[in-house]
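Hi,

Here is the structure I promised to send over. Have a look at it first, and then read on for my notes on what turned up.

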Amino acid sequence: MAVTGTASVAPARAAGHSFGFASDGSAFLLDGQPFQIRSGEMHPARIPVPYWRHRIRMAKAMGMNTISLYVMWNYVEERPGVFDFTTGRRDFAAFVRLCQAEDMWVLLRPGPYVCGEWDLGGIPSYLLGNPDIRLRTGADAHYMSAVRGYVEQLIPRVKPLLVENGGPILMIQIENEYGSYGTDSGYPARLRQLWIDGGVSGPFYTEDGLDQVRANHSNVPGGAIALSDGSASSIAQARKAFADVPAMAGEVYPGWLTHWGDPTFQGGGSDISDRLRAFMEQGLSFNIYMIHGGTSFGFWAGANADDLSGHYQPDITSYDYCAPITEQGVATPRYHTYRDLLAGHLPAPLPDIPAPLPTLDGRTFTPAPFASVWDNLPAALPPDRTVNPRPFEMYGQNFGFALYRRPLPGYTGGRLDIHWVHDYATVFLNGAYAGGLSRPLIPDQVSTTLNVTNNNAPLGLPDPGGLGPSPVLDILVEGMGRTNFGQALVDRKGILETVALRDAGPLTGDLTGWQVFLLPMDDAFVASLAPTISDPNRPGIFFEATISLTTPADTYLDMSGWTKGFVYVNDHNLGRYWEIGPQQRLYCPAPCLRRGDNRILVFDLHRTRPAPITCVPTLT
């Protein structure tokens, strides 16, 4: 078998298998023979653990021989130096071993940056607590030190899973689409070297658009080239530009991501049949992104932001992606089309498609008011940390909400001007809702109903009549997804700079001397809620329901009667809902439910009265 001589592409040899590249870059080689990678992307962090095997088998039954997956760095290291590779969906090694048990190969994509419509592209938000941090660069020592710690944690977990050691991992991707971000070719090379220093010699590859990798040299020495939006034509062009290593279509898009406020779910019109046909006829390698998207449970959904205008677009909770396998694991019509196409080019019949999972339909329930966030405030931060309002990350908080509070002695009316709200704020004077500010653009009918203004516009506050001599200003800020793509990655949450009153007499100007209350809305916070509502007319209420089940099954909770908030089922945070859509239903997989009583907790930012919730079988 002829292979290139660099360490990164030397063939792996163990347990009867080897993997490498042909010396002329013309092919991937498995056991010395040309090998077509037919890969489908899915992320264990977005799939309930009991369904991992089902989703892998669904991909295999469509004709895949490989699974591609991200490891999200911030998911396994939420706090500096505190790693968790074993709890639930964080155990990527267990997922990789399941792939091997199902006779599937693996492409591992561990970042440190992954994009993936995931909060901050997978980079830990604790790094944003450093006011001078620069991300995705070898020039920032603080960032690179954290990256090194992450890779050093990965190496002993990845080594046994490499094909050279009898595992299923064929290649490791270095970073992700760096050519769309930076021009420092030394940065991907430094990341590659971290692996080599730890005893992992590859094979490696990179992922980028063809124009970006040619212009910015974001490939690594000896590494294969994977192409975003890849096709047979772009593979041929890449082979001319990088003739000594193989090329593949690293991301072939059967759908697309969706933002809050989009008119509909995006990507539904994509049909990749022609691309798949060309790959199969020419024996070219490819990866379908996504073959199964899953769900960005909890607070993990990311966002896009225009690098020039700052236009901020947070991603919905569902990562269905209009993929061939739905969020709930169902084979779509296009799944069957692609399966038939691939089967026509394969020598052996494909395995049967796994049976659909049961669903729960038709149950309707109405939660009752349970607790008010205002009656469950933690202790305020020390005054020396809150002279001026600061973002979450400066207080060591990753997700959730923060309350910024200040008395206004001598208030005579005015307008509230905040620089800047990241990302959604509800404002109160003496407990009365005064309006809101939203960084994401929202429809006119919603902003009119809720008195929510654009983040760039001051919010008119009520006249002082009846408020007393020193009314209290409360600004409750929700952090939504951090930007995961482009130059605007340093996306801190909360109030970033200043709060000022305009046209407010002696109070006109910047306000200092705040009380700040951190509300992470995590499991510990929700478990500690006291069932108290001192003011039932003040928005910020948790609603509770109990439903009894004899047989738990997958379902979607239809939240179309609610406004904006989160749903917890038996302490599992299903994610965000928002009336602006297009998502109106939250996926509740059966593993979140149990036989007998099930507790559903809804936190809504605007409603003070509950609405019915119905269990339905599908996303739309």
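Let me start with the nonpolar cores. The largest one has 141 residues, and the members that touch the most others in it are Tyr143, Trp195, Phe286 and Phe542. Helix 4, residues 141-158, gives the most to this core, with nine residues. There is also another core lying apart from it, with 30 residues, among them Val427, Leu467, Trp514 and Val516. Bear in mind as you read that this is a predicted model.

Phe286 is a good place to zoom in. Leaving out residues up to four places away in sequence, Phe286 touches a run of neighbours at Gln36, Ile37, Arg38 and Ser39, plus Met64. Its other contacts on that count are Met248, Ala249, Val252, Leu276, Phe279, Met280 and Leu342.

Next, Ser228. You'll find Ser228 in strand 9, which runs over residues 224-228. Its relative accessibility is 13%, so Ser228 counts as buried, the cut-off being under 20%. As for what surrounds Ser228, again skipping residues up to four places away in sequence, the contacts are Glu177, Glu207, Asp208, Gly209, Glu251 and Tyr253.

Then there's an open sheet with six strands, in the order 20-19-18-22-16-26 and with mixed pairing. Strand 20 (452-454) and strand 26 (515-519) are the edges, each pairing on one side only. On average, neighbouring strands in this sheet are turned by 20° against each other, ignoring direction. At one end of that order, strand 19 (residues 432-438) pairs with strand 20 in the parallel sense, over three bridges. If you want a spot to centre your view on, Leu437 stands opposite Thr453 in strand 20.

Last stop is the annotated stretch. The unreviewed UniProt entry has a "domain: Beta-galactosidase galactose-binding" annotation covering residues 542-598. In the model, this span is 56% strand and 0% helix, and its end C-alpha atoms lie 16 Å apart. Phe542, where the annotation begins, is also one of the residues with the most contacts to other members of the largest core.

Inside the same numbering range, Thr551 is in the loop between strand 27 (541-549) and strand 28 (555-558). Is Thr551 buried or exposed? With 53% relative accessibility, Thr551 counts as exposed, because the threshold for that is over 50%. Thr551 and Leu360 are 191 residues apart in sequence, yet their C-alpha atoms are 8.9 Å apart in space.

Over to you!

How values were computed. Residues are numbered from 1 along each chain as its sequence is written. This is a predicted model: local features need pLDDT of at least 70, side-chain atom pairs count only at pLDDT 80 or more; totals for chains, interfaces and linings use all residues. Side-chain values use heavy atoms; hydrogens and water are left out. Helices (H or I, at least four residues) and strands (E, at least two) are DSSP runs, numbered from the N terminus. Buried means under 20% relative accessible area, exposed over 50%, partly exposed in between (1.4 Å probe, protein chains only). Contact means heavy atoms within 4.5 Å. A nonpolar core is a set of buried Ala, Val, Leu, Ile, Met, Phe, Trp, Tyr and Cys residues joined through side-chain atoms within 4.5 Å. UniProt positions are given in the numbering used here, feature names are shortened, and annotations may be inferred rather than shown by experiment. Two strands pair if DSSP finds at least two bridges between them. Axes are lines fitted to C-alpha atoms, for helices over the stretch in contact, and angles run from 0 to 180 degrees between N-to-C directions.
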